[in-house]
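Colleague: I would like to learn how to read a model of this kind, feature by feature. Could we begin with how strands are paired?

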Amino acid sequence: MAVMRMGYMHVRVTDLAEAKDHYANTVGLYQTLEQDGRVYYKGWDEWDHHSVVIEEGGVGYVKCGFKCEKPEDVADIETKAIAYGYPVERMVAGENPEVGDGIRVTLPTGHQIEFYSQMTAWGLEVGTHNPDAFPRHMVGIGAPRLDHALLWVDDVAGIEKFFMECTGMWATERVQTSLDDDAHTIATWLTIGESNHDIALLEAPENKIHHFAFEMRGWSDILHAADIFAMDDTPIDIGPTRHGITRGTTIYFFDPAGNRNETFSGGYRCFRDRPTVVWTPDQLGKAIFYHQRELNDRFLTVAT
Amino acid sequence: MPKLTVEAHGVSVELRDDETILEGLYRNGFAYRIGCRRGGCAICKVDLLQGEVFYNRPVADSVLSESERAGGTCLSCRAVAVTDVSIAMREDDDLRRVSTLMALYAASRTG
């Protein structure tokens, strides 16, 4: 397996102090570095140096990174991405603090995606020797790890094909205009391993980030997270609820700059021979919000 | 306390000090199309017809440009009235009263 997971998400925030309070005290991430106006965080169940980077000035997507198992895997993606026709540049160790050599692919949408195989080890908060089930003094919702992101793109099929052909991902679920073979793809959920998605793509008029998500340990932690959001006056887009797509349980909420975050839990195991689930637009409400079965004003209309 | 008027809807509410236009309308039992409430998504924009507002947080240029500000566009989730203000909802949006109780008792508070 070449790519292992989404390793980091880097976004802009309008007010660094407020964003730091959100990601440290509400989301419960651990700050590992602050340097050059950027702050780096990891979740308690992550061992690499960072998984979230925030940067002051503006709002929205800067870039994300996928961690590969070996340098050869990065080289393989480089060859395939060049052949696919997307701009690729090399990045050197240290260009991103604590991240090794890698490549940066620029999608036609302008989204930059980095692939790397080495990041400074930090260690799990519970350690690896006879560990406890979770850290004794978690903060906020205690998000264990970064899980996935959903990007707004203007060409879902083209970018889906890039991820499938160049990184080995495959689609667990899609929204498409019909059940016909020549249907237009409106959205896709792409996975590397056995989770429902590592990256998802949604057709939109602008190229932005819709949300990035943290994996939680089940429905009770999702409900607890919603209580924390109420205490911290964190705006909730929707939830706690369930998705039809992926069957995952969820809350969508916003950081103090308006970037959408998600707590996600559940879903099902996705073996590579599993048939792709297809949803049609007439069922979009149920597909996205399984209980409400209708969309709200903002879910498909705003992104940063 | 500055007064907020939405003339086309016959609505007039008192805004508390440091309260945004969005917060004031919701406290009074109204609702309209809003998104992140944190200045990032831009869908709560309204037109400022009269009066002055200031922004209580930095607002990204990509969300509200200089020309929009000059042309009277107001990002309601971050805009705090300095004077009495009059606004209009955008053509594709509406102001709805979702709670008559909140409207009735908006001026009372506890604590």
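Modeller: Let us begin with one pair of strands, bearing in mind that this is a predicted model. Strand β1 (residues 3-13) of chain A and β5(A) run antiparallel and are joined by 8 bridges. To place the register, take Met9(A), whose bridge partner in β5(A) is Cys64(A).

Colleague: In which sense does β5(A) pair with strand β8 of chain A, and over how many bridges?

Modeller: The pairing of β5(A) with strand β8 (residues 112-116) of chain A is parallel and extends over 4 bridges. Here the residue to look for is Phe66(A), which has Phe115(A) as its bridge partner in β8(A).

Colleague: Is strand β5 of chain A mostly covered or mostly open?

Modeller: For burial one counts the C-beta atoms around each residue, and a residue with 20 or more others within 10 Å is buried. By that count strand β5 (residues 60-68) of chain A is mostly covered, since 7 of its 9 residues are buried. For chain A as a whole, 47% of the 304 residues count as buried, while in chain B the share is 35% of 111 residues.

Colleague: How is chain A divided into domains?

Modeller: The division gives domain 1, which covers 3-116, and domain 2, which covers 145-288. The C-alpha centres of these two domains of chain A are 19 Å apart, and the contact between them takes 33 residues from domain 1 and 31 residues from domain 2.

Colleague: Which elements give two or more residues to the side of domain 1 of chain A that touches domain 2 of chain A?

Modeller: They are β1, α1 (16-26), β5 and α2 (71-84) of chain A, and the largest share, 7 residues, comes from β1(A). Sorted by class, this side of domain 1 of chain A has 18 nonpolar, 9 polar and 6 charged residues. The strand β1(A) that we met as the antiparallel partner of β5(A) thus returns here, at the contact with domain 2 of chain A.

Colleague: Why can the radius of gyration of chain A be said to agree with a compact globule?

Modeller: One compares the value with that expected from chain length: a compact globule of 304 residues would have a radius of gyration near 19 Å, and chain A, with 18 Å, agrees with this. Along its principal axes the C-alpha trace of chain A spans about 50 × 45 × 40 Å. The chain holds 5 helices and 17 strands, and of its contacts with a separation of 6 or more, 66% are between residues 24 or more positions apart.

Colleague: What does the same reading give for the radius of gyration of chain B?

Modeller: For 111 residues the compact globule would be near 13 Å, and chain B has 13 Å, which agrees; its C-alpha atoms fill a box of roughly 40 × 30 × 25 Å along the principal axes. Chain B has 3 helices and 9 strands, which follow one another from the N terminus as β-β-α-β-β-β-α-β-β-β-β-α.

Colleague: How many residues does the contact take from chain B and from chain A?

Modeller: The contact takes 15 residues from chain B and 16 residues from chain A. By class, the side of chain B that touches chain A has 7 nonpolar, 4 polar and 4 charged residues.

Colleague: Finally, what scores does the model carry?

Modeller: The ipTM is 0.93 and the pTM is 0.96. In chain B the mean pLDDT is 94, with 97% of the residues reaching 70 or more.

Notes:
Residues are numbered from 1 along each chain as its sequence is written. Chains are lettered from A and ligands numbered from 1 in the order in which they are written. This is a predicted model: local features need pLDDT of at least 70, side-chain atom pairs count only at pLDDT 80 or more; totals for chains, interfaces and linings use all residues. A residue is buried if 20 or more other C-beta atoms lie within 10 Å of its own, exposed if 12 or fewer, and partly exposed in between; C-beta atoms are placed from the backbone. Two strands pair if DSSP finds at least two bridges between them. Two residues are in contact if their C-beta atoms, placed from the backbone, lie within 7 Å. Ala, Val, Leu, Ile, Met, Phe, Trp, Tyr, Cys and Pro count as nonpolar, Asp, Glu, Lys and Arg as charged, and the others, Gly among them, as polar. pLDDT is the predictor's confidence in each residue, from 0 to 100. Domain bounds come from an automatic or database domain assignment. The radius of gyration is taken over C-alpha atoms; the globule rule is 2.2 Å times the number of residues to the power 0.38.
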